[in-house]
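Reader: Please show me how to read a ligand site in a model. I would like to go one feature at a time.

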Amino acid sequence: MTTIAVLGTGIMGLPMAANLLDAGFSVRAWNRTPARARPLADRGAVVAATPSEAVLGAETVLTMLSDGPAVREVMLGLGAELGGGRLWIQASTVGTAYADEFAGLAAAQGLTYVDSPVLGTRQPAEQGALVVLASGPDQARERCAPVFDAIGSRTLWVGPAGAGSRLKLVLNSWLETLTVGTAEALSLAAALGLDPHLFLDTIRGGGLDAGYVQGKGAAMLAGEFPPSFPLSLAVKDARLVGEAAAAAGQPAPLAAAVRARYEQALAEGHGAADMAAVYRTYRN
Ligand code: NAP
């Protein structure tokens, strides 16, 4: 039985760890706030008190933490305990600079590094239906396959380590734009004296529709924002998109406007709500 250490059992890490258990992995989980990892103990995981304890005896380490600084802090804290050709599957969304930095950190720690952020939110994570954006050495593919099969329904190998994080930013730029576009269309409908449901009803099933728009749009109209993708993390990703575009010399004026909406929602206190709460910034 392969032993995997899961570092970070938040909205995404918890169901990913549960699916690894169901797939027959021996899971050693750690979370900074221990209560969030505790449900895994009932399902047969070892819940460790520290990251160092979690990686003991684990052939694979999977990180699912909020951002690049958190991943760096946790991985540097492991120090010499690592090495021995362990596999490091880095699934958090960290952006391009951290994804590249972690290649060096992995080399220094003797780890095989696979940069593999995921597409999909809470429900796909629970269903083991994430899309894995894997990048790293070809020799790592076989070792990664059982992990990716447990957490996802589809794996794309997209290039050398760091390519996965690049694709993730492209995808998140798109979904964050879609969400703000939905908020703005619904607000415009209401401002023009229409029932905003008409927007969602009219596009439903046609070429302009997207499951994402229906889901986030319904949440906006219901005014219910239980976090599936917390708005604070959407802000983090919008900033990462802006930084990556600037570093590449690529104008991204729409991404900048979209980012401003999430920043405003954060400033208005909606950071812990789902990203769909960006709709709140349109209320007049
Ligand atoms: P989350 O529920 O907020 O979990 C974040 C995790 O990071 C928690 O385990 C948290 O620990 C930990 N953490 C934060 N700062 C830390 C630090 N300095 N040291 C140690 N641990 C720290 O977020 P999530 O939705 O699971 O997201 C995890 C990652 O997946 C993020 O990079 C996110 O962008 C990405 N992602 C999310 C989604 C989504 O829809 N939710 C989809 C795809 C990718 P505590 O519990 O102690 O706070």
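Author: The turns below go through the ligand site of this predicted model.

Reader: How many residues surround the ligand, and which are the closest?

Author: A residue belongs in this group if one of its heavy atoms lies within 4 Å of the ligand. Here 27 residues surround the ligand, and the closest are Asn31, Thr33, Thr121, Ser228 and Lys236.

Reader: How does that shell divide into nonpolar, polar and charged residues?

Author: Ten are nonpolar, eleven polar and six charged.

Reader: Which helices and domains supply the shell?

Author: Helix H4 (68-78) and helix H11 (231-247) each give at least two residues. Domain 1 (3-160) and domain 2 (166-283) each contribute at least three.

Reader: Which N or O atoms of the protein lie at short range from the ligand's oxygen and nitrogen atoms?

Author: For polar contacts the cut-off is 3.5 Å between N or O atoms. A side-chain N or O atom of asparagine 31 is 2.4 Å from a ligand oxygen. Serine 66 places a backbone N or O atom 2.8 Å from an oxygen of the ligand. In serine 228, a backbone N or O atom is 2.8 Å from a ligand nitrogen. The ligand taken alone exposes 900 Å², of which the protein buries 90%.

Reader: Which pocket does the ligand take up?

Author: The ligand's space is the largest pocket.

Note on methods:
Residues are numbered from 1 along each chain as its sequence is written. This is a predicted model: local features need pLDDT of at least 70, side-chain atom pairs count only at pLDDT 80 or more; totals for chains, interfaces and linings use all residues. Side-chain values use heavy atoms; hydrogens and water are left out. A polar contact is a pair of N or O atoms within 3.5 Å; within protein, one must be able to donate a hydrogen and the other to accept it, and residues adjacent in sequence count only if both atoms are side-chain atoms. Accessible areas come from the Shrake-Rupley method with a 1.4 Å probe; for residues, only the protein chains shown count as cover. On a 1 Å grid over the protein atoms alone, a cavity is a set of points where a 1.4 Å probe fits but cannot get out, and a pocket is an open set with protein on both sides within 12 Å along at least five of seven lines; lining residues have an atom within 4 Å of a point. A molecule sits in a cavity or pocket if more than half of its atoms lie within 2 Å of its grid points. Helices (H or I, at least four residues) and strands (E, at least two) are DSSP runs, numbered from the N terminus. Ala, Val, Leu, Ile, Met, Phe, Trp, Tyr, Cys and Pro count as nonpolar, Asp, Glu, Lys and Arg as charged, and the others, Gly among them, as polar. Domain bounds come from an automatic or database domain assignment.
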